Structure formats: structure tokens, C-alpha cells
Amino acid sequence: MTHPYHPIIYVRGFAMSGGEVEDTVADPFMGFNLGSTKVRLRWTGRLDRHYFESPLIRLMKEHHYSDTYLDGENWDRHGRLPDRPVFIYRYYDTVSEAFGDGSQGSPIEHFARGLHDLILRVRDLRCGNDAARRAAFRVYLVAHSMGGLIVRCLLQNDTVGSRESKQAVDKVFTYATPHNGIDAALIGNVPSFLSRDWIDNFNRSRMRKYLQLRDGDPASSLGGKFDPDRFFSLVGTNARDYTAAMGLSKALAGEMSDGLVRIDNASIVGPPPGQPDGPLRPGPRAYVHRSHSGHYGIVNSEEGYQNLVRFLFGDVRVDAHIEVDDITLPPRLQQIKDKEKRRVRASYHFEAVAQIRRSLWDLSRRVATEHSTVFRKYGELFPDRADPEDEPRQGHDKPVLFTLFMNSGLRLPGRDSIGFALDFGVLVPEYEVDRALWLDDHYAGGYIFRDKINFEVFGPWQDRRWSALYGFDSEAANGVTREAPGFPFEDAAGRGLRFEIPIVKESRPGIRAKLVLTGRSWA
């Protein structure tokens with residue numbers, strides 16, 4: 001097989017009850033074959049259905065992958081594989097009553113060892129005894145929920161598996177994985193004594209053990225064992241449509257979640273590979289308005305599939321974050337703060353909706369009405385001005401918005417550029433003066449800045465240098481009117497160009513900031 005079409009192994013998520021386990025093992029594809037149907041409003045006013053067939057079927061139709069079953073058996077029973085295979089790692093078989101001993105006591109390390117065995121079995125079937133082919137063999141791991149923790153256990157725990165299987169992993173894509181554990185209202189992180197049905201696997205102390213992290217490391221860290229730039233986290237933001245546990249789960253997880261995993265817990269960080277003491281940096285991630293599972297689940301979604309295939313098979317990567325130079329208060333509040341010496345508090349929400357050309361879905365979406373914005377206190381944006389009582393989190397002064405992966409081969413005919421757009425907004429939900437809500441000259445949830453920014457990106461796919469044009473909808477709808485100055489840079493993820501887009505509103509309350517995009521080739 002040639003890059004980028006390596007074998008795919010899907011690792012499904014958590015099944016709590018015995019009944020859920022039996023339902024899981026009864027499905028040959030363990031949910032990777034499930035689609036969804038949504039209603040879409042046409043320009044005529046007619047409501048039409050949109051059918052998403054499933055990630056598995058779309059991989060078959062669009063990228064010529066094949067399942068690994070033949071005449072009711074696995075292909076490997078016959079000693080051969082299809083050209084582009086998709087494997088389902090059936091780790092639940094060993095604990096089901098139908099195929100195993102019915103015990104739920106198997107630890108996550110046990111399942112990680114089974115994943116190691118499967119990777120090497122695929123390699124042996126694909127490469128035989130050819131040493132060069134075995135050394136070049138690579139595989140993609142795609143995982144949902146707890147499946148992502150099984151993948152991380154294999155990659156990070158030196159006592160699990162061998163170096164051969166770990167080095168064979170080229171990229172990892174996780175849907176809604178609780179990389180920093182699961183938190184619930186009133187009790188916080190799930191306690192370690194809840195060992196029934198493996199609930200303790202989501203306790204951060206327990207996670208640090210099977211991930212071989214140090215006590216001071218965040219549970220979401222890859223610990224220098226895998227390149228964070230090749231580990232994508234897709235984060236769900238729709239808590240309301242998660243129906244598990246008769247609604248108890250979403251009530252405990254809260255709005256800023258997918259109904260089970262909180263938004264802030266669903267992505268990874270990591271130091272550079274082989275440098276456990278190196279600086280942590282966020283891995284690529286995107287946000288979609290989907291629930292943890294169910295009819296509006298994150299795996300069986302168009303948004304999830306489009307992020308998956310662009311990460312695996314695309315050739316362009318764009319990261320976005322915001323750097324805020326200043327945010328101003330309304331005139332009256334500034335007077336209250338400066339002349340009356342009263343205490344003024346505020347926090348800010350950053351909205352970001354990213355969409356590529358010719359799409360009816362969002363690659364990443366975070367908006368206030370869906371309780372999924374990037375939230376920052378004033379003291380987090382400006383640590384040197386922070387009030388000590390606010391206890392702001394460090395390293396939050398440059399909010400990460402999203403990472404887009406795109407495929408230059410899918411450009412419009414006759415176009416040299418890749419087009420995408422960003423709906424960007426900054427709003428302040430409320431102000432406080434001496435701990436009392438202030439609404440004299442403020443409407444709750446008022447926007448400081450809001451506009452749609454359009455981009456045309458040019459790159460090496462046409463033997464051109466990296467460059468970008470951009471424009472604001474407020475100036476020309478869907479148009480690009482300016483060239484974005486590009487600054488060469490090189491970081492742990494490679495070389496590329498950094499583009500700075502001014503975000504400015506001079507009137508009070510206002511903002512002076514830079515939307516920073518970094519573009520680079522991806523393979």
C-alpha cells in the first residue's frame with residue numbers, strides 16, 4: 001500500500017452494561033457502519049432529508065477501502081487481505097457472554113495488548129517476511145470514546161506491546177475521547193473506587209498509571225511517546241441530544257460537553273516525541289455540534305467523516321488561534337473603574353465556525369447559542385493585568401480555535417486556490433461591578449466583534465509559494481480583497497507561513513487583536 005492509504009483499525013467506545021456489550025458484539029462493525037438522517041431546509045422552503053451512510057460505507061465508496069470479512073469469516077483466516085482494509089478491533093468479544101466469559105474485569109492494558117497483536121497480525125499478512133516492507137508498514141488508528149484511551153495505552157505504556165507495533169502507527173484520530181477523564185456535577189472527576197463496569201478508567205489518577213504519566217502531568221498528555229501533531233481530537237459539543245442513562249449523563253456532564261465528555265477534556269496535548277520534559281503544545285482538534293453517541297452522535301456524522309478523511313488523506317494543514325492585544329470596556333464602565341475605583345469584572349467568549357468551499361457542513365463549530373465557545377476571563381487573556389483572586393489558568397492567553405486539514409486535489413476545476421471561510425465573533429455575556437451584575441448600558445451576550453472572513457489559500461500543489469488572500473463580509477460578501485502578509489516560520493510540526501489578520505473595533509467596547517493562521521503542507 002502507498003501513502004496515504006494505509007490499513008485502518010477502528011476501536012469502538014465504552015459499553016457500560018452487559019446488555020450494551022452483547023449488542024456491541026452482535027454487530028460485525030461495532031457501530032462504524034451506522035449512519036444518520038437529518039433534515040435540511042432547501043432554498044424553496046422545502047424540508048429534505050440528508051442521509052449520511054456511515055463512515056465505513058463512505059470510506060468504501062470514496063476511497064476504495066474494504067471490510068475484512070469473507071463468507072462470514074475474517075479475511076485473515078484465509079491468509080490474505082483486501083488492498084485497503086478496514087479492521088474492527090473486537091476487544092469486547094472477550095468479556096461478552098456470547099463469545100467470552102462474561103466478565104467485565106479486564107483492564108484497559110489488556111485491551112491495549114490485544115490491539116498490539118492485531119497491528120502485528122495485519123503487518124504479517126500484508127508484508128510476509130519481506131524485511132523492507134515490514135519496516136515501512138504503517139497503520140491508522142481511529143477510535144471512539146474509551147477506544148482512544150486504549151490506543152493511548154498502547155502508545156504510551158512501555159509495558160504494553162512492543163516497539164514494532166507502536167512505530168507502525170502513522171496517525172491517530174479520536175472521536176469524543178475523554179483524554180482528560182470524565183467530570184460530573186457535584187462530584188468532579190469520577191472517583192477511582194468506582195471500578196464497576198470500568199468507570200475508574202476515566203479517573204485521572206488511574207489514567208496516569210496505565211498511560212505511564214508522572215503525577216504532575218495532565219492526563220491528556222501524550223508524555224513524549226507519540227507526536228501530538230499526528231493525533232487528531234474531534235470534540236463533540238451537543239449535550240442535549242445524548243440520551244444515555246435516561247438523561248442522567250448529560251445532566252451530570254453539563255452543557256459544555258457532548259453529553260458525557262466535557263469539551264475541555266476531549267483533546268490531547270503533548271511535548272515533542274522523546275522529550276517528556278519538553279513544552280506542552282495542543283494537538284490538532286476541531287469541534288462539531290454532535291453528541292457523544294446516538295442518532296445525532298459524533299461518529300455517525302458528516303462532520304466527523306469530513307474531518308477524518310482530510311486528516312488521513314489531505315495535504316494541507318491550517319491552524320488558527322487568536323492573539324488579543326487589548327479589549328476595552330464600555331465608556332461608563334471605564335469611568336467606574338478609573339475614577340470611582342470600583343472593581344469591574346468581565347469574561348469573553350470567542351465564536352469560530354469554519355467551513356470549506358462547496359460544503360453544507362462545518363469542519364469546526366463553536367458558538368454561544370450551543371454553549372461551545374472558547375471561554376476566557378480577562379485575566380487569562382492578559383496575565384500581567386490579572387486580579388490575584390481570579391486564579392486564572394496559565395497558558396490561556398492565545399486561545400486555540402481549530403485545525404483544518406484540506407485536500408488540494410478537491411479544488412474547484414480551474415481554481416488554483418483552496419477556499420474556506422470563518423465566522424468569527426467575540427462577545428461578553430455580562431459585566432460585574434463590585435460583584436453585582438451591571439446592565440445599565442449592556443445587553444446580555446452583546447457582541448464586541450462579529451464578521452465572516454473569507455480566505456483563498458495558494459500553495460505548492462501548483463508549484464507556487466504559500467500565499468493567502470482574505471476579505472471581510474462586511475466589506476464584500478464572500479469576497480477576498482486583501483493579501484495577507486506571510487511570515488516564514490518553523491516549529492515542531494514543520495515549516496510554513498504565518499498569516500496575521502487584524503481584528504479591530506475601535507469604538508467602545510472594542511477589541512484590537514490578530515487572528516493568526518499558520519499554513520503548511522501535510523502528509
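Reader: Which residue of β24 stands opposite Gly419?

Author: Gly419 stands opposite Glu456 in β24. Everything here refers to a predicted model, in which local features need pLDDT of at least 70, side-chain atom pairs count only at pLDDT 80 or more, and totals for chains, interfaces and linings use all residues. Residues are numbered from 1 along each chain as its sequence is written, and side-chain values use heavy atoms, with hydrogens and water left out.

Reader: How do you know that β21 and β24 are joined, and in which direction do they run?

Author: Strands are DSSP runs of E with at least two residues, numbered from the N terminus, and two strands pair if DSSP finds at least two bridges between them. Eleven bridges join β21 to β24, and the two run antiparallel, so the pairing rule is met. Strand β17 (residues 344-356) is also antiparallel to β21, with eight bridges between them, and here Ile356 has Phe420 of β21 as its bridge partner.

Reader: What makes β21 mostly covered?

Author: Ten of the eleven residues of β21 (residues 418-428) are buried, where buried means under 20% relative accessible area, exposed over 50%, and partly exposed in between, for a 1.4 Å probe and protein chains only.

Reader: What makes up the lining of the largest cavity?

Author: A cavity is a set of points on a 1 Å grid, over the protein atoms alone, where a 1.4 Å probe fits but cannot get out, and its lining residues have an atom within 4 Å of a point. The lining of the largest cavity consists of Val318, Phe420, Phe455, Val457, Ala468, Phe499, Leu517, Thr518 and Gly519. Two elements, β24 (446-458) and β29 (511-521), each give two or more residues to this lining, and β29 contributes the largest share, three residues. The count comes to one cavity of 30 Å³ or more, and the volume of the largest is about 60 Å³, taken as the space filled by probe spheres set on the points.

Reader: How do the residues of this lining divide into nonpolar, polar and charged?

Author: Seven are nonpolar, two are polar and none is charged; Gly counts as polar under the rule used here.

Reader: What makes Asp473 and Lys452 a salt bridge?

Author: The rule asks for a side-chain nitrogen of Lys or Arg within 4 Å of a carboxyl oxygen of Asp or Glu, and the closest N and O atoms of Asp473 and Lys452 are 3.3 Å apart, so the pair qualifies. This pair links distant parts of the chain, 21 residues apart, with Asp473 in the loop between β25 (467-472) and β26 (482-483) and Lys452 in strand β24.

Reader: Why is Lys452 called buried?

Author: Its relative accessible area is 17%, whereas Asp473, at 24%, counts as partly exposed.

Reader: How do you know that Arg58 and Glu53 form a salt bridge, and why does Arg58 count as buried?

Author: Their closest N and O atoms are 3.5 Å apart, so the distance rule is satisfied. Arg58 counts as buried because its relative accessibility is 9%, while Glu53, at 30%, is partly exposed. Asp362 and Arg365 also meet in a salt bridge, at 3.1 Å from N to O, with Asp362 buried at 16% and Arg365 partly exposed at 25%.

Reader: How many salt bridges are there in the count?

Author: The count comes to 37, and a network of salt bridges links Asp227, Asp229, Arg281, Arg317, Asp319 and Arg520.

Conventions. On a 1 Å grid over the protein atoms alone, a cavity is a set of points where a 1.4 Å probe fits but cannot get out, and a pocket is an open set with protein on both sides within 12 Å along at least five of seven lines; lining residues have an atom within 4 Å of a point. Helices (H or I, at least four residues) and strands (E, at least two) are DSSP runs, numbered from the N terminus.
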